[in-house]
Amino acid sequence: MKLSPEGLGDHLSQTLLPLYLVSGDEPLLVAEASDAIRARARASGFAERQVFFIERAASVWEEINQEARALSLFAAKRLVEIRMPGGKPGTAGAAALLRLYQAAGPELLVLIITGQLERETQGAEWVDALAQRGAYLPIRMVDRAALPRWLHSRFAARALTASEDAVALLAERSEGNLLAANQEIDKLALLLAPGSAVSAAEVEVGSAHSARFDIFQLTDAVRAGDPARALRILGGLQAEGTEPPLVLWALGRELRAMQSRTAAAPRVPFARLTVRAGRADRMAKGLRHGDAWDEMALLAVEMTGRRSLPLLRAP
């Protein structure tokens with residue numbers, strides 16, 4: 001069967017299946033779903049837990065199956081947890097998982113945790129076989145548009161209400177980092193009485209700049225024509241020590257994509273931006289005087305259709 005994060009609680013309150021697969025790239029939601037399954041397993045008498053980390057060592061699969069075969073020698077129920085970030089067990093690993101599924105039952109519960117599975121992997125035999133006897137729980141990223149709704153639900157879960165301004169500020173500060181946003185809400189829940197209304201001023205005082213920036217957020221902001229957000233993300237990438245060539249690669253890739261979209265042509269001066277990108281590249285390589293980050297800031301802003309840097313609110 002296939003489960004959603006929202007339906008996991010009701011499911012676990014009614015039953016516990018022998019096999020679970022939790023996949024996704026959002027650490028907080030993956031951790032919470034996995035914790036809920038572990039807690040239900042403990043309550044059902046699965047007192048022992050063994051964790052295996054799958055990277056490239058084929059010997060780990062054999063070790064996992066040896067543990068499964070040894071279960072009959074012991075009375076204790078066991079939870080075997082397999083962490084496979086890449087989500088691709090390979091041919092030998094897939095065969096080992098199928099054998100492990102056969103051993104799962106009243107004395108053995110299997111929990112597999114992976115990153116987000118690619119489309120072709122979602123239809124793999126080892127995934128289909130697990131879903132037939134157990135539950136597959138894909139966890140999607142909370143996108144920028146859905147983040148305010150998610151934050152409101154988290155405040156409500158802590159017996160707090162938050163103004164729209166407070167939620168907007170926390171969403172801006174966290175930039176999609178759910179773990180950091182959730183920690184800030186937990187902090188406010190400790191400071192405020194249940195039932196309190198959280199204001200933007202309280203978020204301003206209590207929160208830190210905890211954005212998890214990446215180059216794809218930068219190109220998303222450029223594509224959306226949002227210069228202020230593009231600069232904020234660019235500043236975060238610089239503060240986190242991202243190498244300029246990587247950022248420039250992303251901007252160059254987006255610039256080439258924009259050139260193929262005729263709708264973007266009226267607002268984007270491609271010839272000038274190509275020259276600016278080359279200038280930033282030479283600065284990053286030390287072949288030209290100047291600051292590559294400043295040049296990339298101008299490049300990003302002009303790619304949004306603006307000709308000058310926007311006025312940003314002080315952090």
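Which residues is Ser196 in contact with, leaving aside its neighbours within four places in sequence? They are Ala159, Leu160 and Thr161. This structure is a predicted model. The points below cover that contact, a strand with its two partners, the salt bridges, one residue of strand β4, and a nonpolar surface patch.

**Ser196 and Ala159**

- Ser196 sits in the loop that runs between α9 (178-191) and β7 (197-198).
- With a relative accessibility of 19%, Ser196 counts as buried, because the limit for that class is under 20%.
- A polar atom of the Ser196 side chain lies 2.6 Å from the backbone oxygen of Ala193.
- Ala159, one of the residues in contact with Ser196, belongs to another loop, the one between α7 (147-157) and β6 (161-162).
- Ala159 is partly exposed, at a relative accessible area of 39%.
- The phi angle of Ala159 is near 60°, which is a positive value in a residue other than glycine.
- Most residues other than glycine have a negative phi.

**Strand β1 and its partners**

- Strand β1 covers residues 19-24, and six of its six residues are buried.
- Leu19, Leu21 and Ser23 point one way from β1, while Tyr20, Val22 and Gly24 point the other way.
- Residues on both of these sides of β1 are buried.
- β1 pairs with strand β4 (residues 108-114) in the parallel sense, over five bridges.
- Within that pairing, Tyr20 has Leu111 of β4 as its bridge partner.
- β1 also pairs with strand β5 (residues 135-139), in the parallel sense and over five bridges.
- Here the bridge partner of Val22 is Leu137 in β5.

**Salt bridges**

- There are 17 salt bridges in the structure.
- Side chains of opposite charge can pair when their charged atoms come close.
- One of the salt bridges joins the side chains of Glu81 and Arg49, at 3.0 Å from N to O.
- That pair links distant parts of the chain: Glu81 is in strand β3 (residues 78-84) and Arg49 is in strand β2 (residues 48-53), 32 residues apart.
- Glu81 is buried, with 0% relative accessibility, whereas Arg49 is partly exposed at 42% relative accessible area.
- Glu81 also forms a salt bridge with Arg83, and the closest N and O atoms of this pair are 2.7 Å apart.
- Arg83 counts as partly exposed, at 28% relative accessibility.
- Another salt bridge is formed by the side chains of Arg223 and Glu254, at 2.8 Å from N to O.
- Arg223 lies in helix α11 (residues 215-223) and Glu254 in helix α13 (residues 244-259), so this salt bridge ties together parts that are 31 residues apart in sequence.
- Arg223 is partly exposed, at 38% relative accessibility, and Glu254 is buried, with a relative accessible area of 5%.
- Asp35, Arg38, Arg49, Glu81 and Arg83 are joined into one network by salt bridges that share partners.

**Ile113 in strand β4**

- Ile113 is a residue of strand β4, the strand that pairs with β1 in the parallel sense.
- At 12% relative accessibility, Ile113 counts as buried.
- Not counting residues up to four places away in sequence, Ile113 touches Val22, Val30, Ser34, Arg38, Glu81, Ile82, Arg83, Met84 and Pro85.
- Among these residues touched by Ile113 are Arg38, Glu81 and Arg83, which also belong to the salt-bridge network.
- Val22, likewise touched by Ile113, is the β1 residue whose bridge partner in β5 is Leu137.
- Ile113 and Phe53 are 60 residues apart in sequence, and their C-alpha atoms are 9.8 Å apart in space.

**A nonpolar surface patch**

- Phe216, Leu246 and Trp249 make a nonpolar surface patch of about 320 Å².
- Leu246 lies in helix α13, the helix that also holds Glu254.
- Leu246 counts as partly exposed, at 43% relative accessibility.

Key. Residues numbered from 1 in each chain as written. Predicted model: local features only at pLDDT ≥ 70, side-chain atom pairs only at ≥ 80, totals over all residues. Heavy atoms only, no water. Helix = DSSP H or I, 4+ residues; strand = E, 2+ residues; numbered from the N terminus. Buried < 20%, exposed > 50% of the residue type's maximum accessible area, 1.4 Å probe, protein only. Salt bridge = Lys/Arg side-chain N within 4 Å of Asp/Glu carboxyl O. Pairing = 2+ DSSP bridges. Patch = residues over 30% accessible without salt bridge, like charges linked within 9 Å, V, L, I, M, F, W, Y side chains within 5 Å. Areas by Shrake-Rupley, 256 points an atom, 1.4 Å probe, with all protein chains shown as cover. Polar contact = N/O pair within 3.5 Å; in protein donor to acceptor, adjacent residues only side chain to side chain. Contact = heavy atoms within 4.5 Å.
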